[in-house]
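Biologist: Before I take any label on trust, I'd like to hear how each one is earned. Please set the values against the rules as we go.

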Amino acid sequence: MDPAKSYTIDELAQRVGAEIDGPRGLVVRGVNAIDVAEEDEITFIGSERHAACWERSRACAAVVSRGIEVPNHDRQRRALLTVEDADLALAVVLELFAPPVEPVEPGIAADAWVHPTAKIDSSATIMSRVGIGAHTTVGPRTVIEPQVQIGADCVIGSDCLIRAGVVIRDRCLIGDRVSIQPNAVIGSDGFGYRPDGRGGLVKMPHIGIVEIHDDVEIGACTTIDRAKFGRTVIGAHTKLDNLVQIGHNVRLGRGCVLAAQSGLAGTVVTGDFCQIGGQVGIADHRTLGHRVRIAASSGVMHDIPDDETVGGTPALKLRQTLRIQAALHRLPDLLKALGREGS
Amino acid sequence: MDPAKSYTIDELAQRVGAEIDGPRGLVVRGVNAIDVAEEDEITFIGSERHAACWERSRACAAVVSRGIEVPNHDRQRRALLTVEDADLALAVVLELFAPPVEPVEPGIAADAWVHPTAKIDSSATIMSRVGIGAHTTVGPRTVIEPQVQIGADCVIGSDCLIRAGVVIRDRCLIGDRVSIQPNAVIGSDGFGYRPDGRGGLVKMPHIGIVEIHDDVEIGACTTIDRAKFGRTVIGAHTKLDNLVQIGHNVRLGRGCVLAAQSGLAGTVVTGDFCQIGGQVGIADHRTLGHRVRIAASSGVMHDIPDDETVGGTPALKLRQTLRIQAALHRLPDLLKALGREGS
Amino acid sequence: MDPAKSYTIDELAQRVGAEIDGPRGLVVRGVNAIDVAEEDEITFIGSERHAACWERSRACAAVVSRGIEVPNHDRQRRALLTVEDADLALAVVLELFAPPVEPVEPGIAADAWVHPTAKIDSSATIMSRVGIGAHTTVGPRTVIEPQVQIGADCVIGSDCLIRAGVVIRDRCLIGDRVSIQPNAVIGSDGFGYRPDGRGGLVKMPHIGIVEIHDDVEIGACTTIDRAKFGRTVIGAHTKLDNLVQIGHNVRLGRGCVLAAQSGLAGTVVTGDFCQIGGQVGIADHRTLGHRVRIAASSGVMHDIPDDETVGGTPALKLRQTLRIQAALHRLPDLLKALGREGS
C-alpha cells in the first residue's frame with residue numbers, strides 16, 4: 001500500500017456508493033484483513049464470520065454487504081459502509097490504495113536480445129535480458145519483463161504483460177490484454193510416445209502450436225503444451241491459476257476459471273464458463289459442456305454435460321458424491337451392527 | 001505446420017503404407033483434428049468416436065486404423081487411408097508436415113557466461129545468456145537454449161536439448177540424447193530436516209547428485225531433487241511429463257512414463273517400464289516392481305509387485321478399487337433400505 | 001562426495017559418538033544407500049528393513065540406531081557404529097563427506113542489472129545476469145545466483161541464498177537465512193476475479209505483499225501469491241518443498257513443514273508446527289490450529305483444531321478415515337451377501 005495515500009470515510013463512501021453508519025471524518029490510510037488491520041485501516045465484512053470479529057477488530061471502518069448483521073457496532077467511534085456489491089466495492093478500495101506503479105518506458109533494453117527480423121511495436125517495452133526470436137511480432141503497449149524468452153514466429157498482441165522468466169516457444173499466438181505470471185511455460189512439447197519395437201519409446205512429433213485468446217491470464221509456473229497437430233486453445237477471458245497443467249490439443253472455452261494445480265490431460269475440450277477447482281485432474285480426451293463446475297481435488301474420468309456440478313474421484317454428480325460421503329461415515333458402524341467388523 | 005509443404009494422397013499413402021479408398025490426386029496441405037480440420041487437411045480416425053465424426057468433418061482425407069468402421073464415407077469426394085499401425089502413421093505424417101527447423105549454429109554466444117575451466121565440445125551450441133560453471137563438460141551436438149543455468153562439475157552428454165530457463169545444479173550427470181523442457185530444475189536440494197531441539201528445524205545436508213541416463217525426456221517445470229547421499233537416478237528412456245516432482249534418492253528404472261503432476265517422495269524405487277498416471281502420489285521409501293501401472297489421481301502407500309495395476313487412494317489392485325467404487329454407488333440406497341439413513 | 005576425503009572407522013565413531021562393533025581401522029571414502037554402497041563406503045541402518053539388507057550390502061560400515069537388531073553381522077570384516085540419534089549422526093557424516101564449496105566472492109557481477117537506488121551490502125554476492133529493482137535492499141552475506149529477478153522496493157535479509165531463476169516481485173520482504181530453490185516465484189498476483197456484468201471477468205487488484213520470516217526454506221518451482229491486501233505470511237523456520245502453491249493472504253505459522261505439490265487456497269491460516277503431506281489441498285478460508293498433521297493426498301474442506309491428525313478427501317480424523325477405508329474393503333462382499341450386487 002502507498003503510505004502517502006489517505007481518504008476520509010466520506011470520500012471512500014462516495015467512491016463505493018455506500019451508506020455510512022458512524023463518523024464521516026475519520027482518515028483511512030490503508031486496507032487490511034479484519035483480524036490484523038490497524039486503527040487507520042479499513043477492512044471488509046463479507047460473511048457472518050467476519051461480522052463476529054468486528055467488535056475485536058482495530059480497524060476504524062469496514063465495508064459490509066447489505067444484509068449482514070454486524071453485532072455490537074460502536075458507531076460513535078467507528079464506521080460501517082454498507083454496499084450492495086461487496087466485491088465491486090473491494091475492487092474500488094484496493095485501486096484507491098494501490099501503490100503507484102513506476103511508469104514503464106517504451107523501447108528495447110540495451111541488453112535484450114531481439115532478432116533483426118522481429119517486429120516490436122514502438123510503444124512496447126522489452127526489458128533487460130529478454131530474448132525474442134526471428135519473425136516474432138510484439139504489439140502496442142505490451143510489456144515484456146526481464147528474462148523472458150520468446151521463440152521464433154510468435155505473435156504477441158497488444159497490452160499484454162509477460163512477467164519475468166516466462167518462456168514462450170516457437171509459433172505460439174498470444175492475443176490482446178493477456179497477462180502471464182512469472183516462470184510460466186507456453187508451447188512446451190506435448191507428452192506423447194510410441195513404442196519403438198525394441199523396448200524403447202519414440203517421441204511423437206508435436207508440430208502444432210498454442211493459441212491464447214484475448215484477456216486470458218496465466219499463473220506462475222503454469223505449463224501449456226503445444227498441440228501434436230493443430231492448436232492447443234485457451235479461450236478468451238479464461239483464467240488459469242498457478243502450477244496448472246494444460247496438455248497438448250486441449251481446447252478451453254471462454255471465461256473458464258481453473259484453480260491452482262489442476263491438470264487437463266491431452267485433448268480435453270471444454271465449453272464456456274467452466275469452473276475447475278484446485279488439484280482437479282481430467283483424463284485425456286474428455287469433453288466438458290458449458291458452465292460445468294468441478295469441486296476441488298476431484299478426478300474426472302467421464303464426459304460432463306452442460307451445467308452439471310461434479311465432485312469426487314472418480315467424479316460423479318456432486319449431490320451423489322456428497323450422499324456417498326455421508327453414507328461412508330456410517331459404514332463402519334453398519335458393518336459392526338451386521339457382525340462383520342474384522343471378518 | 002509449414003504452409004509451403006503439400007503432398008498428394010498418393011504420396012502420403014505411399015509414405016505410411018496405406019490402402020486408399022477414394023481419390024488419389026487430392027492435395028493435402030496440413031494435418032488437424034477431425035472436428036476442426038480444413039478442406040485441404042488430413043485427419044486421423046483412431047476410434048469409433050472419431051469415425052462417427054467423419055461425415056461432418058471438412059477434412060479431405062483421414063488415416064484410419066484397420067478394423068474401424070467409418071460410416072457414410074463419400075469415396076467420390078474424399079479419401080480414407082487404411083493402415084495397420086495408426087500411431088506410426090501419425091508420426092510419419094507429422095514429420096512430413098513439420099515446420100522447417102532453423103539450423104542451429106555451433107558455438108558459444110557472445111553473451112553466454114562460460115567458466116574458463118568448462119569444456120564445451122566444438123559442435124555444441126551455447127545460446128544467449130546461458131551460464132555454465134567450473135569444470136562442467138558439454139558433449140557433441142548438444143544445444144543449450146537461452147537463459148539456462150548449469151552449475152559446476154556437471155557432465156552433459158551428446159545430442160542433448162536443454163530448453164530455455166532450465167536450471168541444473170552442481171555435479172549432476174546428464175546422459176546422451178536427453179531433452180529437458182523449459183524451466184525444469186535438476187539437482188535442487190532434497191527436502192529433509194531434523195529438529196534442532198530448540199523448536200526449530202535443521203536442514204539435512206544433501207551431498208548427493210542427480211544422474212539422468214540416455215534418452216530421458218523431462219517436462220516443463222518438473223523438479224528433480226539431488227540425493228541426500230549417492231544418487232537420484234532417472235533410468236534410460238524414461239519420460240517425465242510437466243510439473244512432476246522427483247524426491248531425493250528416488251531411483252526410476254528404464255522406460256518408465258510419468259504423467260503430469262505426479263510426485264514421488266524420497267527414496268521411492270521403481271523397476272522398468274512402469275506407467276504412472278497424472279497427479280499420482282507415491283509415499284517415501286516405497287518400492288515398485290517392473291511394469292507396474294498406476295491409475296491417474298491415485299495415492300500409493302504400499303510397495304507394488306511386478307506387473308500389478310493399481311488405483312485409488314490408498315491404491316489397491318485396480319480391479320478391487322473398481323469393485324469398491326461400484327459398490328459405493330449403491331451404499332446410500334443400502335443404508336436407506338436398512339433404515340439407517342440419517343441415523 | 002569429495003573423492004579426496006577419507007576417515008577411519010575410529011574417526012567417524014568419535015565424530016558421531018558411536019560404539020563400534022567391528023574393525024576400527026577401516027578407511028571410509030564415502031556414504032551411500034545400503035543396497036548400492038561400494039566397499040569403501042559407510043551406510044545407514046534406520047529400520048528393520050534396512051537391517052535385513054546388511055548381510056548382502058557391500059558397505060564396509062553402517063551407522064545404526066540403538067535398538068535395531070542387525071542379523072548376521074560379520075564383525076571380523078565390517079563395522080557397525082551404534083548411536084542414539086541416527087538423524088543427527090547422519091547429518092554429521094554427510095557434512096564430513098560434503099564436497100568442498102567454492103568460496104563465493106562478494107560483489108556485483110559486471111553483467112548484473114542493479115538499479116542505482118538499490119542498496120546492496122558490500123558483503124553480499126550478486127551473480128551474473130541478476131536483475132534488482134529500485135530501492136530494493138540486499139543484506140550482508142546474502143548470495144543471489146545467476147538469472148534471479150527481484151523487483152522494486154523489496155527487502156532481502158542477511159545470509160540468504162536465492163538460487164538461479166527465482167523471481168521475487170515488487171515490495172516483498174524476505175527475512176534472514178532464507179533459502180529459495182531454483183525457479184520459485186514469490187509475489188505473483190493472487191487469483192481473484194469478479195464478474196464484469198458482460199460475461200467477462202475483471203481481475204481483483206492484489207495490492208498486498210509476501211512476507212517471509214527468518215530461516216524459511218522454499219522449494220523449486222514453488223509459487224507464493226501476494227496478498228489482495230495486507231500480507232501473505234510464511235512464519236519463521238517453516239519449510240516448503242517443491243511445486244507447492246500458497247494462495248493470496250495465506251498465513252503460515254512457525255516451524256510448519258509442507259511436502260511437495262501441496263496447495264493452500266486463498267486466506268488459509270495455520271498455527272505453528274503443522275505438518276502437511278504431499279499433494280494435500282486445503283480449501284480457501286480454512287483455519288488450522290497448532291501442530292495439525294495432514295496425511296499425504298488429502299483434501300481439507302473444514303477447519304482443524306490444535307493437535308489433530310487428519311486424512312482423506314474430504315479430510316476427517318485420520319482414525320476415522322482409516323476405519324472407513326478398512327470397511328470399504330469389505331463393502332463389495334457385504335453387498336453380495338445382501339443380494340444387492342449388480343442390483
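Modeller: One term to begin with: a strand here is a DSSP run of E with at least two residues, numbered from the N terminus. Keep in mind that this is a predicted model.

Biologist: Where does that leave C:Pro314, and why is its place called a loop between two strands?

Modeller: C:Pro314 lies between strand 37 (309-311) and strand 38 (316-317) of chain C. Both runs meet the minimum of at least two residues, so both count as strands. The peptide bond joining C:Thr313 and C:Pro314 is cis, with omega about -5°. In chain B, the bond from B:Thr313 to B:Pro314 is cis too, with omega near -5°, and B:Pro314 sits in the loop between strand 37 (309-311) and strand 38 (316-317) of that chain.

Biologist: What makes C:Asn183 worth a remark?

Modeller: C:Asn183 isn't a glycine, yet its phi is positive, about 65°. Its place is in the loop between strand 20 (179-180) and strand 21 of chain C.

Biologist: How many helices and strands does chain A have, and how do you know that it is more spread out than a compact globule?

Modeller: Chain A has four helices and 38 strands. For 343 residues the globule rule gives 20 Å, while the radius of gyration of chain A is 25 Å; that is well over the rule, so chain A is more spread out than a compact globule. Its C-alpha trace spans about 80 × 80 × 35 Å along the principal axes.

Biologist: What makes you relate chain A and chain B by a rotation?

Modeller: Turn chain A by 120°, with 0.0 Å of shift along the axis, and it superposes on chain B with an RMSD of 0.1 Å. The two copies are therefore related as by a three-fold rotation axis. Chain C can be laid on chain A in like manner: a turn of 120°, a shift of 0.0 Å and an RMSD of 0.1 Å. There the copies use different surfaces, with 17% of the contact residues of chain C recurring in chain A.

Biologist: Why do you say that chain A and chain B meet through different surfaces?

Modeller: Only 17% of the interface residues of chain A are also interface residues in chain B, so the copies meet through different surfaces. The contact takes 59 residues from each of chain A and chain B. Together they bury about 4700 Å², of which 61% is on carbon and sulfur atoms. A:Phe191, A:Ile207 and A:Phe229 supply 14% of what chain A buries there, more than any other three residues.

Biologist: What makes B:Asp35 and A:Arg251 a salt bridge?

Modeller: The cut-off is 4 Å between a Lys or Arg side-chain nitrogen and an Asp or Glu carboxyl oxygen. B:Asp35 and A:Arg251 are at 2.9 Å, N to O, so the pair passes. Across the interface of chain A and chain B, the rule finds four salt bridges. There are also 22 residue pairs in polar contact between these chains, both residues being at pLDDT 80 or more.

Biologist: Which element gives the largest share of the side of chain A that touches chain B?

Modeller: Helix 4 of chain A does, with nine residues. By class, that side of chain A has 26 nonpolar, 21 polar and twelve charged residues.

Biologist: And over at chain C and chain A, how do you know that C:Lys203 and A:Glu217 form a salt bridge?

Modeller: Their closest N and O atoms are 2.5 Å apart, which is within 4 Å, so the pair counts. The count between chain C and chain A is four salt bridges. Here 59 residues of chain C are in contact with 59 residues of chain A. The two chains bury about 4700 Å² between them, 61% of it on carbon and sulfur atoms.

Biologist: Why does A:Lys239 with A:Glu217 still qualify as a salt bridge?

Modeller: At 3.8 Å, N to O, the pair is still within 4 Å, so it qualifies. This pair links distant parts of the chain, 22 residues apart: A:Lys239 is in strand 28 (residues 239-240) and A:Glu217 in strand 25 (residues 217-218) of chain A. So A:Glu217 pairs with A:Lys239 within its own chain and with C:Lys203 across the interface. Over all chains, the rule comes to 63 salt bridges.

Key: Residues numbered from 1 in each chain as written. Chains lettered and ligands numbered in written order. Predicted model: local features only at pLDDT ≥ 70, side-chain atom pairs only at ≥ 80, totals over all residues. Heavy atoms only, no water. Least-squares fit on C-alpha atoms with pLDDT ≥ 70 in both. Contact = heavy atoms within 4.5 Å. Buried area = accessible area lost by both parts, 1.4 Å probe. Polar contact = N/O pair within 3.5 Å; in protein donor to acceptor, adjacent residues only side chain to side chain. Nonpolar A, V, L, I, M, F, W, Y, C, P; charged D, E, K, R; others polar. Rg over C-alpha atoms; globule rule 2.2 N^0.38 Å.
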